[in-house]
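Student: I'd like a close look at one kind of detail here: the places where separate parts touch each other. Please start with a single pair and work outwards.

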Amino acid sequence: MKSISQSIPRPDGMAKADGSALYVADLQFDGTEGGRSPDGAVALGSESGLSKDMLLGRFYRSPYPRGKIRRLQLPECPPGYHIISAADIPQGGKNEIPMAASRDMPCFAENEIRYAGQIVALVAGPDAYEIERLIRAIELEVDETPVVKNIDEALALKGGAIHGEDNIFCRVDLDEGEVDEVFAGAASVVEGVYETGFQEQFYMEGQGLIAWRTGNKCGVRGSMQCPYYVHHAVSHVLGLKHDEIRVIADTIGGGFGGKEDYPEIMGAPLAVASWVSGKPIRMLMDRVEDMAFTSKRHPSRCVYRSALDSEGRILAIDATVDLDGGAYETYTKIVLMRAVFHSLGVYAIPVFRIRGRGIATNTVPSGAFRGFGAPQSLFGIEMHMEEIARRNRCEVLDYKRNYFLKKGDTTVTGGIFRDEIILDKLIAEAERLSGYSGKRIKLGRGKGQGIGMSFILHGCGFTGDGEQKIIKGKAVLKKHRDDKVEILCAAVDFGQGPQTTFRKVVARVLGIEPNTVIFNYPDTDFVPDSGPTVASRTIMIVGYLLQKAAEELKAIWVEGEEQVVEQNYQMPPGMSWDQERLRGDSYATYGWGVNVCEVELDFLTWETKVIGAWAVFDVGRAVDHRVVNGQIQGGMSQALGYGAMEKLEVDSKGQFRQITMADYMVPTSVDFPRTEALTVDNPYLYGAFGAKGMGEMVHDGGHAAFAAAVEQACGKACTTIPLVPETLMEIMEA
Amino acid sequence: MVEVFKPTSLAEALRIRADKHAIPFAGGTDLMVRFRARDGMAPSFKSPILFVDALPEFNTIRMFNGGLKIGASLPLSILAGDRGAVNGGTGTGATSGVVPDAAVLATIPGVLKAAAAEVGAPALRNRATIGGNLANASPAGDSIAALYALSAEIILVSLSGERMIPIEKFILGPGEISLKEDEIIHTIHIPAPLPDWTYWRKVGTRRANALTKISLAAAASIKDGRVESCSFAFGAVGPRVIRVHEIESLLQSRFPVVQEAKLKEIIAEAKKFASSMITPIDDQRSTAKYRKTVALNLIGDAIASLVEELKLGD
Ligand SMILES: Cc1cc2nc3c(=O)[nH]c(=O)nc-3n(C[C@H](O)[C@H](O)[C@H](O)COP(=O)(O)OP(=O)(O)OC[C@H]3O[C@@H](n4cnc5c(N)ncnc54)[C@H](O)[C@@H]3O)c2cc1C
């Protein structure tokens, strides 16, 4: 039998390539009253939100960054137009967006403004020009308070605290052993400060949603990673019961985490507007609005201090991990947990103290982005290890090897690495592909050329017992009377592949052809909540549920009969987690990876050129090589962009300065070479056909490998990314 | 709704321009960005539009008295020598026109060809025209820096006739040009002699679809191993492209030079001249300090390359 890894054509590929796939901006009412379109892929009737007289919606956003709202004056509305604000939230609803554990972000600003661009009102109507006029006629008066633009200003409590008394949204602390004692007896201490910037997800399709009302039911559809998150947010804000809400995910043009939280932030006020006006409303964000106001990756500052013995061995690490959470907490706590839990990388450190803080500022609330905190702290630990190795006059790879985690070792939260760790195999492959060690020696230091290698691990699935306690994922297989099998789950394909891999998993178990399996885009009226499409959980967790369901279906298969099987998530045996004390198995398993990057540095302009990129990953097992390779290629470009190019600064009002495609430098196809990539099989017992989550870890280490290569090329420490030429000039001229 | 005109003859175009003060529209790659509008709204043009991309004589390039005459609507892909550059294709849009003579294309000075080749990306270059780049008058306009180095002259036409103006007089400031309400750019003239040596270096924000943070365009005519005339023009380091004439006289008087020590001295002197003229700013793409430092570094690189060329000629 062929390996499951052997690629098949992507079932969603052709429609996306030839333009026939319908994105939310393309949807048109087809004249029908209800039901789904014949192929079941999208519903185009009025019941699913579309109508001839769908209104356009636009937000009125605060021009002020911070202060108490003194007055909000809305203009007179002509017939057919609606201006919706906090006052319109219906009885029983709440003016707050429910996100993870936090409820601090209002749907519409009501009492205070915390960032320039905060949603204050929504204007809807048939004509864009009239909407524009109405938006200009809205008057907002704010008693302005000084703006907090970054972590330092937040900690200095500039203008008083934004949040609580100290501007700290949340803390995550880990302790192991007697840190102070070890430091007191250390032969030397190495300290470094490592900083990373904002990053824009830059999905190709901008944010877009439609909200509608049919009778007492509220619907939202469009571009989103997590239909049930939107479902939950709308239910909370409108005070509706779960069966009074319908959410449909349409074809989605990229997400990278950017459509994890934002569709809630955008969808809740849009749903309120539609609910109150009774009209379907479509809102599409243009690129500038999208870049200026949607969630970005949390900027970070990590400080690592390592106590060394007289032989240069690490005795203990004392670290702080600070994340700039922006104006509201939203997902900062869980991003911070992941950042802290990954902050010692792939190394076994016997004694440590880690202090993590999520910090409030007056910038756009930071949110979900591929890697979710891990790319920040992994950059810190990797660059810190480079520094320690340098101090020890030791080849960094040799030095790091001394600390590599092994099966059976304890995790930073006191859990256990239960599965085989195959870093040595990954390194051997990376060496073979890239020639790393030979080049590292040959290229010298400070001579304009360099090569760097970085290591990552990535906890797959939700942190802690999130899968068990919060998500409780459920997936269903339905065999129709014609014996066609349909997948029912809430997972969305935003380019990362479940349309392909889920079909393969189910088809392989049942011995049928993948392209005969039906797998529509999720519609909460039809599919169970298998959880959000995030956290590298889709193939490992939901895929595994489907595999189990398919095995069950196979066992009870009766031709010509409708049959339904359901699978519910169960924590793998032996796993335990204490959420209060943050102790136990923070993740069910881990993906592992090695990234290598070779650069040339131009001493005239300080421009860097990546001349080689290599990556080797343990993804458990690739369910489809092409899908996995696509993730690696894209993840590497995104990580290299993060490390080299994607500068995103804020101005004096805390607003982003790079908000056009001309100013925000996401890499193009000619900026970096193709990544030579490989995966090494290390099947995971509780993942679909051995698959672990891999969508995020491909963004975890490329930037550190790049920075390490640049350090060699320029002969100086490079501890801040992005390493744009302007920054490199400062480093080299210092 | 905005009024739109698509004349097929120059006479007609000039009449519309005079009567309606319609805004010339070539490739539209600047205009459509400048007047972009939100979802559901039309581009926010304030005046009627005059398409100049389909005028056949605007799409030509030919030799003229040892120099070159380039039609205002010639797409940059032709100047760049892009593989598969469309010319004489559909007859509509900026890519229409006469198929240029390969021998003529071979005479395009390296600095202009290289500058055009680093504009945007292939698809953009098929639309974007040299006249549009020029009239947009951005200090970061890539063909503009090259045209400064080539001492280009701009030929403007109106119903009342034709006038020719040197590029340094044509561009007045960012987005500001010496163009009367009834005039259209007709041709860009690169006077003879075409240079023997040129230099182009664009430092952009990335490798494609990148705006220029700093550029240096230089050209020289060489006779008997000496610099007969030369030009150094810097892009994106001030409100206009800056040509440093002092460097030019320095190089004309001091070459040929072969000793390394002497060369260093000349480069240092050239940097001193440029340093007082280069006044870049901090913006969202780069810093003033970076722009200035790199501009000065590029002078050394360019002069070293010129010296190599002189040595080859020995
Ligand atoms: C993605 C992207 C990347 C870009 N990259 C670069 C780059 O790397 N380097 C660079 O220099 N530019 C770049 N540009 C800017 C732009 O493409 C160029 O300036 C281009 O040459 C403009 O030509 P056009 O024909 O499209 O001009 P248009 O948009 O048609 O016109 C520009 C201006 O010229 C005027 N105009 C046009 N023709 C005439 C005429 N015959 N007579 C009088 N006035 C006229 C118009 O009225 C208008 O004011 C980029 C633009 C985009 C969108």
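**Where the parts meet**

Tutor: Let's begin with A:Arg246 and A:Asp525, whose side chains form a salt bridge with N and O 3.5 Å apart (the term asks for a side-chain nitrogen of Lys or Arg within 4 Å of a carboxyl oxygen of Asp or Glu). Please keep in mind that this is a predicted model, in which local features need pLDDT of at least 70 and side-chain atom pairs count only at pLDDT 80 or more, while totals for chains, interfaces and linings use all residues. Residues are numbered from 1 along each chain as its sequence is written, chains are lettered from A and ligands numbered from 1 in the order in which they are written, and side-chain values use heavy atoms, with hydrogens and water left out.

Between domain 1 of chain A and domain 3 of chain A there are 3 salt bridges. The same boundary has 7 residue pairs in polar contact, both residues at pLDDT 80 or more (N or O atoms within 3.5 Å; within protein, one must be able to donate a hydrogen and the other to accept it, and residues adjacent in sequence count only if both atoms are side-chain atoms). On the side of domain 1 of chain A, helix H5 (227-238) and strand E11 (245-249) each supply at least two residues (helices, H or I, of at least four residues and strands, E, of at least two are DSSP runs, numbered from the N terminus). With 5 residues, E11(A) gives the largest share of that side. By class, the side of domain 1 of chain A that touches domain 3 of chain A has 11 nonpolar, 5 polar and 4 charged residues (Ala, Val, Leu, Ile, Met, Phe, Trp, Tyr, Cys and Pro count as nonpolar, Asp, Glu, Lys and Arg as charged, and the others, Gly among them, as polar).

For orientation, chain A is assigned domain 1 (55-145 + 201-293), domain 2 (368-378 + 393-463 + 583-733) and domain 3 (466-568); such bounds come from an automatic or database domain assignment. Taken over C-alpha atoms, the centres of domain 1 of chain A and domain 3 of chain A are 32 Å apart. Contact, meaning heavy atoms within 4.5 Å, joins 20 residues of domain 1 of chain A to 16 residues of domain 3 of chain A. Together these two domains bury about 1400 Å², 58% of it on carbon and sulfur atoms (buried area is the accessible area, with a 1.4 Å probe, that two parts lose on being put together, summed over both). A:Gln225, A:Tyr228 and A:Arg246 supply 40% of what domain 1 of chain A buries there, more than any other three residues. A:Arg246 thus appears both in this trio and in the salt bridge with A:Asp525.

Chain B offers its own domain boundary. Domain 1 of chain B covers 55-190 and domain 2 of chain B covers 200-313, with 23 Å between their C-alpha centres. In the contact, domain 1 of chain B contributes 22 residues and domain 2 of chain B contributes 19. They bury about 1700 Å² between them, with 56% from carbon and sulfur atoms. There are 2 salt bridges between these domains, along with 12 residue pairs in polar contact (both at pLDDT 80 or more). B:Glu168 and B:Arg243 also form a salt bridge, with closest N and O atoms 3.8 Å apart.

Now to the meeting of the two chains. Here 27 residues of chain B contact 37 residues of chain A, burying about 2800 Å², 50% of it on carbon and sulfur atoms. On the chain B side, B:Arg38, B:Arg206 and B:Arg207 lose the most area to chain A, together 28% of what that side buries. The interface holds 6 salt bridges and 16 residue pairs in polar contact, both residues at pLDDT 80 or more. B:Arg285 and A:Asp663 also meet through their side chains in a salt bridge, 2.6 Å from N to O.

Finally, the ligand. Of the 33 residues around it (near means a heavy atom within 4 Å), B:Pro24, B:Gly27, B:Thr29, B:Asp30 and B:Thr129 come nearest. A polar side-chain atom of B:Asp30 lies 2.6 Å from a ligand oxygen atom, and a polar side-chain atom of B:Thr129 is 2.6 Å from an oxygen atom of the ligand. B:Ala26 uses a polar backbone atom, 2.8 Å from a ligand oxygen.
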